[in-house]
Amino acid sequence: MTFLIKGETETWEVVIGLEVHAQVISNAKLFSGAPTDFGAEPNSQVSFVDAGMPGMLPVINEVAVEQAVRTGLGLKAQINKRSVFARKNYFYADLPQGYQISQFELPIVGEGTIILDMSDGTSREVGIERLHLEQDAGKSIHDLHPSKSFIDLNRSGVTLMEIVSNPDMRSPDEAGAYLRKLRSIVRYLGTCDGNMDEGSMRCDANVSVRPVGSTELRTRCEVKNVNSVRFVMQAIEHEARRHVDIYESGGDIQQETRLYDPNKGETRQMRSKEFAHDYRYFPDPDLLPLVFDDDYVESIKATLPELPDEKKERFMSDYDLTAYDAGVLVVEKETSAYYEDVAKGRDPKAAANWVITNLFGALNKKGISITDSPVSAANLGKLIDLISDDTISGRIAKDVFEVMVEEGEDPEFIVDERGLKQIRDTGSIEAAIEQVMADNSDKVEEYRGGKDKLLGWFVGQVMKQTGGKANPGMLNELLRKKLSP
Ligand code: MN
């Protein structure tokens, strides 16, 4: 699964580090009590603190701190019991304070790790450099009026966790796997809803390239604020190829910030290093250092749920699933719970196949999530039971499942109502066989003359005759008996 770019003179590998801004789930902002509901009327969720009124003082939101610690623990990261808030100074109309309160030298969370589950079933480890708390800025709206700009401060002061990875990823696929895994972890933890399309998870990608085999880190460019996993992967690939083209034509890369345009499928310059900000970071004099003890961290640790990696391990050992199947089933907490309801007391591999192949397929087609599934776990379980106790064949089960997806009915009811039960009565199967043999006496002769391959054809014909309902085992046995001279 290596991703290499073949140039004229060299083969290149890409080096990727990601910075994710994840919006913390909390009813209030980081330093004010203003609410944080998505989609509220512009400027309806703004306190004097968020509006940067002179003399207003920030008060730390304890829930936001707890959420950051939870996330750090979920990333198996070091929790720093002493951290410091710093002012990041810059001027912009949607930043009324004139600075963002962030963390700089002493973040709340230090080094951690994330395990990537690749689509071929293999795993890779990526290092987390840090996670720090900071405020979001407001939103400038430039496209509502020909000559005016509008400012919405609802987001001003909302809590963000900036999660910074090491430059450990080597392909767009790995970057995609990283974002999906991070999203899965914060959703399990309940610390961020992970909805990239609503802006509650935004990604900046740092991209550079180097000749394969080299260990240097060349100049990187940062692609800012990409808002879907697919776009991040596309932006990285495009940016890497741009670097290769420039190096191969004898040029050099300038460190700069770029934007990805998904319509054109290309990145373009936003600002170069000459315009890079000097943020004049310094510790915020309005806020004391954030200090807590081991007991506090332990008390949060005690409330952590089983996370995707541990659940995957357990699914592999308890249900004997492959790494791939287990990995797919644990991405969403709701899916893993659904699967366990289906698998309980049944063949766990059959349950995994039904969920992954049939149910996921049907949900994708309808564009709905598992929480809105028309097929309940209890009903999918019953369908598997109907197959294993020979009430219906696997083939009929697929038809029954289709009906379940459309009508949400109980499979037993569907089977009864439509008369789909397997035919297990010898007399009826024999009658169907005799009918087919009478209609195809030439084929019977051929079979008896040594053309064994025709058996499959006969099976198909008798199945057709019985509407697919003959018990396959009995049908085979009876057919062989009847056909033998
Ligand atoms: Mn930031």
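Which domains does the domain assignment of the protein give? The assignment lists domain 1 (4–300), domain 2 (308–418) and domain 3 (426–483). The legends below describe close-up views of a predicted model.

**Figure 1. Placement of domain 1 and domain 3 in the predicted model.** Domain 1 covers residues 4–300 and domain 3 covers residues 426–483 in the domain assignment. The centres of these two domains, taken over C-alpha atoms, are 66 Å apart.

**Figure 2. The manganese ion and its protein donors.** His21 contributes NE2, while Glu134 and Glu162 each contribute OE. These donors lie 2.0 to 2.2 Å from the manganese ion. Along the sequence, the spacing of the donor residues is H-x112-E-x27-E. Glu134 belongs to strand E7 (residues 123–135) and Glu162 to strand E10 (residues 159–165), so this pair ties together parts of the chain that are 28 residues apart in sequence. Both Glu134 and Glu162 are buried.

**Figure 3. An open sheet of three strands.** The strands follow the order E5-E4-E15, and their pairing is antiparallel. Strand E5 (99–103) and strand E15 (282–283) form the edges, each pairing on one side only. Strand E4 (residues 85–89) is joined to E15 by two bridges. In this pairing, Arg87 stands opposite Phe282 of E15.

**Figure 4. The salt bridge between Asp309 and Lys181.** The closest N and O atoms of this pair are 2.5 Å apart. Asp309 lies in helix H5 (residues 308–318) and Lys181 in helix H2 (residues 172–189), so the contact links distant parts of the chain, 128 residues apart. Asp309 counts as partly exposed because its relative accessibility is 21%, whereas Lys181, at 5%, counts as buried. The cut-off that separates the two classes is 20% relative accessible area. The structure holds 40 salt bridges, one of which is this pair.

**Figure 5. The salt bridge between Lys301 and Glu298 in helix H4.** Both residues lie in helix H4 (residues 294–301), three residues apart, or about one turn of the helix. The closest N and O atoms are separated by 3.9 Å, which falls within the 4 Å limit for a salt bridge. Lys301 is partly exposed, with a relative accessibility of 43%. Glu298 is likewise partly exposed, with a relative accessible area of 43%.

**Figure 6. The salt bridge between Asp416 and Lys421, and a salt-bridge network.** Asp416 and Lys421 have their closest N and O atoms 3.1 Å apart. Asp416 is exposed, with a relative accessible area of 52%, and Lys421 is partly exposed at 45% relative accessibility. Elsewhere, Glu306, Lys311, Arg314, Asp318 and Glu340 are joined into one network by salt bridges that share partners.

**Figure 7. The surroundings of Pro411 in helix H11.** Helix H11 comprises residues 411–417. Pro411 counts as buried, since its relative accessibility is 0%. Leaving aside neighbours within four places in sequence, Pro411 is in contact with Asn379, Lys382, Leu383, Leu386, Val400 and Met404. Of these partners, Val400 is eleven residues from Pro411 along the chain, and the C-alpha atoms of the two are separated by 6.6 Å.

Conventions: Residues numbered from 1 in each chain as written. Predicted model: local features only at pLDDT ≥ 70, side-chain atom pairs only at ≥ 80, totals over all residues. Heavy atoms only, no water. Domains from an automatic or database assignment. Pairing = 2+ DSSP bridges. Helix = DSSP H or I, 4+ residues; strand = E, 2+ residues; numbered from the N terminus. Salt bridge = Lys/Arg side-chain N within 4 Å of Asp/Glu carboxyl O. Buried < 20%, exposed > 50% of the residue type's maximum accessible area, 1.4 Å probe, protein only. Contact = heavy atoms within 4.5 Å. Donors = N, O, S within 2.8 Å, 3.2 Å for Na, K, Ca; no water.
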